[in-house]
Structure formats: C-alpha cells, structure tokens
Amino acid sequence: MAKRGKSGGRNGLRPVAGVVDVPKGTRPDGPVEGVYYIDTGDCQLIADQDNSTGWLLKINGVMSSHIDLADPLFLDFEYMRWMAALIESRWPTKAAAHKLRGLHLGGGACSLARYFHAAYPDARQVVVELDGKLAEYVRGWFDLPKAPLLRLRVGEAREVTETLTADTRDFIIRDVFAGSLTPRPLTTAEFTEHIKRVLAPGGIYVVNSGDAPDLKNAREDAATIAAAFEHTVIIADPAMLKGRRYGNVVMAGSDTPLDGDPQLARRLLGGAVPAHIWNDAQVRAFATGSPVRHDPQPPSIAP
C-alpha cells in the first residue's frame with residue numbers, strides 16, 4: 001500500500017475500499033466480517049464456514065487465531081491443543097487447587113486465554129498485546145472475561161516481561177510473530193533469563209516456534225531454551241520433526257520434569273494431527289551444534 005499523504009488514513013496507510021476504520025477507543029459490539037485498520041496494519045475477521053459460531057482472525061495477511069464463541073474449550077489450531085495438553089498435564093483441571101497465574105506474550109484473539117479461563121475458572125491471566133486497537137476489537141468481538149480474571153495489557157512483550165515481579169507466573173506462553181518468525185529479542189538467552197525470573201518454582205515456559213523444513217530456527221530456539229532450563233520437551237507432528245514441511249514446533253522448559261505423564265503422550269497422539277513428544281535428551285540432541293541466541297553486544301567505544 002502507498003505511504004500516507006495529507007489525506008491518508010490511519011497507520012500511515014491510504015484508505016482502502018472495504019477496510020473498516022473504526023475510531024480508536026470505540027469498541028465493537030460483537031464480530032462482523034470485514035477488514036479493519038489496526039495500529040500495526042490491518043486485520044481480517046472471517047466467519048468460519050464449517051462452524052456457525054466460529055471466527056477466524058488474520059493479522060496483516062497471516063492467519064492468527066480461531067475462536068468458537070459457543071465453546072471456549074474448542075481449539076481449532078493443533079499447536080494450541082498441544083500447549084493446552086502440556087499445561088493440563090502439570091495441573092490437571094479436576095485437581096488444580098490453587099489459582100493458576102498465566103502470562104500470554106502475544107494476544108491475537110486470546111484463544112488460549114479463553115480456553116484456560118474455561119478450564120481453570122479461578123485462573124488469573126494477563127495477555128500482552130502490542131497492538132492497542134486490535135486489543136479493543138478483540139474485547140468487543142469475543143466477550144472476553146473481565147479483569148482480574150483476564151487483563152489485556154498493551155505493550156511490547158519483552159519490555160513488559162522485564163518489569164514483572166519475580167516468581168509470579170505459573171506458566172508463560174510465547175506466541176509472538178512478525179511474519180513467519182518470532183522477533184529475535186524474544187528468543188535470546190537474555191530474554192529467557194527474564195522468563196525464568198518471572199516463573200514461580202515448578203512453572204512452565206511454552207513457546208510456539210514456527211519454522212521451515214530446514215528447522216534452523218527451531219534448533220536455535222531449542223538450544224537457547226535448553227541452556228536456560230534443566231528440563232525441556234518438544235511437541236510436534238512427525239512430518240515437521242523430520243523436516244518435511246513448514247509448521248509449528250511447540251517447546252517448553254521448566255525447573256521440574258515435563259515428560260513424566262504417560263497420558264500426555266496418548267492425548268497428543270489422539271488429535272486430528274497426531275503429535276510426538278520428545279524428552280529432554282531428545283531435545284538436546286536436536287539442538288546439538290546450534291548456537292544459543294544472544295542479544296547483540298553494544299558497540300565498543302574506542303579510547
């Protein structure tokens with residue numbers, strides 16, 4: 001699209017036919033199909049043709065989320081099901097006696113936050129979303145739980161994480177993308193140390209690592225997480241793990257073991273896209289030879 005002129009639209013873009021430009025601070029009343037301006041570009045809300053209560057959300061042309069308004073426990077995206085299964089294997093929904101504290105880095109339609117609210121009604125969750133206008137739309141479209149059960153915090157994920165108090169989250173989910181990859185500042189060893197600081201003992205850090213068949217990005221993600229945490233797992237479908245396609249690899253790190261629940265492996269195999277879980281030794285073997293990512297070093301100043 002052309003850059004903004006004197007008569008341009010929001011976000012540095014000229015108005016485009018069929019794009020809805022709702023004034024900031026105006027929350028919609030329920031979902032309506034269309035393309036909408038947001039602070040970082042545009043998003044498209046699409047009715048699910050296979051589900052009368054389902055909605056799909058695209059952000060800047062990339063499929064981001066699916067919501068079923070009638071059933072928050074329905075997750076259409078397989079990688080989200082894998083994440084939910086991993087969290088529930090640590091804290092079974094029928095036995096979770098304490099209020100889980102969750103942090104979601106990356107908001108989208110808040111699909112997983114809605115899921116965990118339904119699964120753990122006393123959970124306290126914060127969703128960090130960079131795009132303030134998108135957050136307003138999602139609040140209006142999908143009737144999310146109110147604060148303090150679910151708070152949407154507008155901000156950059158790393159900046160917000162660095163301000164959080166130590167030992168205050170049971171799980172942290174990283175599902176942030178710029179195009180097909182997670183922004184590098186959210187993948188480094190230094191950022192992962194902030195994650196470790198914020199997690200409570202026994203907490204889990206779960207990431208969605210998107211990658212191409214060469215798996216270079218996934219291996220570096222795995223190396224970085226394995227360097228920070230004593231215990232790790234990877235969850236993905238066999239074709240992805242063999243480098244046969246583009247897709248999602250779910251990784252997790254914790255200070256306590258993650259792969260001791262045989263029911264988790266069975267649950268992962270039972271989905272529409274059966275997934276395998278790799279234990280810590282397999283994760284470290286997968287990451288062998290790949291560098292741990294680091295923040296760029298500041299330029300040295302000559303004397």
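A residue is called buried when its relative accessible area is under 20%, and this cut-off will help us read the predicted model shown above. With 2% relative accessibility, Trp141 falls under that limit and therefore counts as buried.

Before following Trp141 further, it helps to look at the whole chain, which contains nine helices and 13 strands. Of its 303 residues, 51% are buried, and the accessible surface comes to about 14,200 Å², with 54% of that area belonging to carbon and sulfur atoms. Among the contacts with a separation of 6 or more, 66% are between residues 24 or more positions apart.

The structure also holds 10 aromatic pairs. In one of them, the rings of Tyr36 and Trp141 have their centres 5.0 Å apart, and because their planes stand at 70°, the pair is edge-to-face. This pair joins distant parts of the chain, since Tyr36 belongs to strand β2 (residues 34-38) and Trp141 to helix α3 (residues 132-142), 105 residues apart. Tyr36, at 6% relative accessibility, counts as buried.

Trp141 also pairs with Tyr137, and here the rings are stacked, with 5.0 Å from centre to centre and 5° between the planes. Both residues lie in helix α3, where they are four residues apart, or about one turn of the helix, and Tyr137 is buried, as is Trp141. Taken together, ring pairs link Tyr36, Tyr137, Trp141 and Phe142 into a cluster.

Elsewhere, rings are found with charged side chains over them: Arg90 lies over the face of Trp91, at 5.9 Å from the ring centre, and Lys196 lies over the face of Phe229, at 5.9 Å from the ring centre.

Conventions: Residues numbered from 1 in each chain as written. Predicted model: local features only at pLDDT ≥ 70, side-chain atom pairs only at ≥ 80, totals over all residues. Heavy atoms only, no water. Helix = DSSP H or I, 4+ residues; strand = E, 2+ residues; numbered from the N terminus. Buried < 20%, exposed > 50% of the residue type's maximum accessible area, 1.4 Å probe, protein only. Contact = heavy atoms within 4.5 Å. Areas by Shrake-Rupley, 256 points an atom, 1.4 Å probe, with all protein chains shown as cover. Phe/Tyr/Trp six-rings, centres within 6.5 Å; stacked < 30°, edge-to-face > 60°. Lys NZ or Arg CZ within 6 Å of the ring centre and 35° of its normal.
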